[in-house]
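Good morning, and thank you for making time on the agenda. I should like to take you through a few features of one model, with the display beside me.

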Amino acid sequence: MGVLYKALVLEAKRQLRLVEREASTLGVGEVRIRMAAVGICGSDMHYYNTFGNVGHGLNRPLVLGHEASGIVQSVGDGVRMVCPGDKVVVNPLLHCGHCGNCKKGKLSLCEHTIFPGSALTVPHVDGFFREQFDVPEACCIVLPPETDLCIAALADPLACSLHALDNAGGGMGKRVLILGTGSVAAMTVAAARLGGALEVVVGGRNPRALEVCVGMGADASIDISSDTAPFKDSRFDLVVETTGVPDLIAGGMRTLRKGGVLVQIGSPSGEAVALPWALVMEKELRIVGAMRWNSEFDLAVAYILGGRVDPAPILSATYPLDAAEKAFEAAADHHHNMKVQFVS
């Protein structure tokens, strides 16, 4: 029998089991990584609670997790740029490179995307909630030896935020409203500041998280659980909606100036959402989606390593794999936690 490792498998709705697996033979061009840190994403929470995400159900038990960093254990034949002992952060988005969207640089829209721990990839590919995993060399970004791997694993939500702003045409000189108080909202604050936004306001229902967002660079925060004033003030050029909550999507549309843009990055819990479509016509609003990233992942890593973005304030708690239930409970506690990670 080969080397055994532990993996956290979602077997059904809210049913996790830590199992032992035997390591497979390392393939050509592959890198074997010992997990250091893997974040629990909002999509992981959807899968945990419903065994699906945004209308896409899982067709088998699956290892979740895609926000990963670790240390290289071994490398397969043909690997040239990564060595055993290297610290790495993993870009989990695999694209084909030859479809029409890939050729246009729209990697997030690749017709043949492979994304670990996702129902959108069929057949499903296991994610990174496990002690070790194998990925193609191209997914690995080698980090300086002194890098904090918990911090490095936060590149994923920053990449999502950078991509959202890119899809909106950038934030330079704009008044930006960010709705939500999760890790992506906080990272979007930082991304908007990096992009030269004139004003950054964050609105949400979690006072503690709003304070974190202000610390990340927001000019102001609004607790919309008690103050709905921002939804009556149509002065923003750009709204980034990170929650998927229907009333916030609709409220965000109302805050936009004529010709404004709403970027939807949060995942709605259902497919049908009632929105004030008359405003889209009257104000000539644009509504755009943002899914993962194109080349922004490398940029996110560079911003973190270069000190342009310090994501440490959003990291709330860490747990070992054998405390999975506690970790998911903590991740669901939005009043006290923004980002929860599994660590080894």
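I shall speak about a sheet, then about a residue within it, and finally about two helix contacts.

Please keep in mind throughout that this is a predicted model.

Let me begin with the sheet. It is open, it has 3 strands in the order S2-S1-S6, and the pairing is antiparallel. At the edges are strand S2, residues 15-22, and strand S6, residues 62-63, each of which pairs on one side only. Strand S1 covers residues 4-12, and its antiparallel pairing with S6 runs over 2 bridges. Within that pairing, Leu 10 stands opposite Leu 62 of S6.

That brings me to Leu 62, which lies in strand S6. Is Leu 62 buried or exposed? Its relative accessibility is 0%, and because buried means under 20%, Leu 62 counts as buried. Which residues does Leu 62 contact, once its neighbours within four places in sequence are left aside? They are Leu 8, Val 9, Leu 10, Gly 117, Ser 118, His 124, Val 125 and Asp 126. As a reference distance, the C-alpha atoms of Leu 62 and Cys 150 are separated by 23 Å, with these positions 88 residues apart along the chain.

I turn now to the helices. Helix H4 comprises residues 155-167 and helix H9 residues 296-305; their axes come within 8 Å and cross at roughly 120°. H4 and H9 are therefore oblique to each other, and H4 passes H9 in a right-handed crossing. On the H4 side, the contact is made by Ala 155, Asp 156, Leu 158, Ala 159, Leu 162, His 163 and Asp 166. On the H9 side, the residues are Glu 296, Phe 297, Leu 299, Ala 300, Val 301, Tyr 303 and Ile 304. By character, the residues of this contact divide into 10 nonpolar, 1 polar and 3 charged.

H4 also meets helix H5, residues 183-194: the axes of H4 and H5 come within 8 Å and cross at roughly 55°. That angle makes H4 oblique to H5, and the crossing of H4 past H5 is right-handed. Here Pro 157, Leu 158, Ser 161, Leu 162 and Leu 165 of H4 meet Ser 183, Val 184, Met 187, Thr 188, Ala 191 and Ala 192 of H5. How many residues of this contact are charged? There are no charged residues in the contact of H4 with H5, which divides into 8 nonpolar and 3 polar.

Leu 158 and Leu 162 of H4 appear in the contact with H9 and also in the contact with H5.

Conventions:
Residues are numbered from 1 along each chain as its sequence is written. This is a predicted model: local features need pLDDT of at least 70, side-chain atom pairs count only at pLDDT 80 or more; totals for chains, interfaces and linings use all residues. Side-chain values use heavy atoms; hydrogens and water are left out. Two strands pair if DSSP finds at least two bridges between them. Helices (H or I, at least four residues) and strands (E, at least two) are DSSP runs, numbered from the N terminus. Axes are lines fitted to C-alpha atoms, for helices over the stretch in contact, and angles run from 0 to 180 degrees between N-to-C directions. Angles under 35 degrees count as roughly parallel, over 145 as roughly antiparallel, 65 to 115 as roughly perpendicular and the rest as oblique. A crossing is left-handed if the near helix is turned anticlockwise from the far one by less than a right angle, and right-handed if clockwise. Contact means heavy atoms within 4.5 Å. Ala, Val, Leu, Ile, Met, Phe, Trp, Tyr, Cys and Pro count as nonpolar, Asp, Glu, Lys and Arg as charged, and the others, Gly among them, as polar. Buried means under 20% relative accessible area, exposed over 50%, partly exposed in between (1.4 Å probe, protein chains only).
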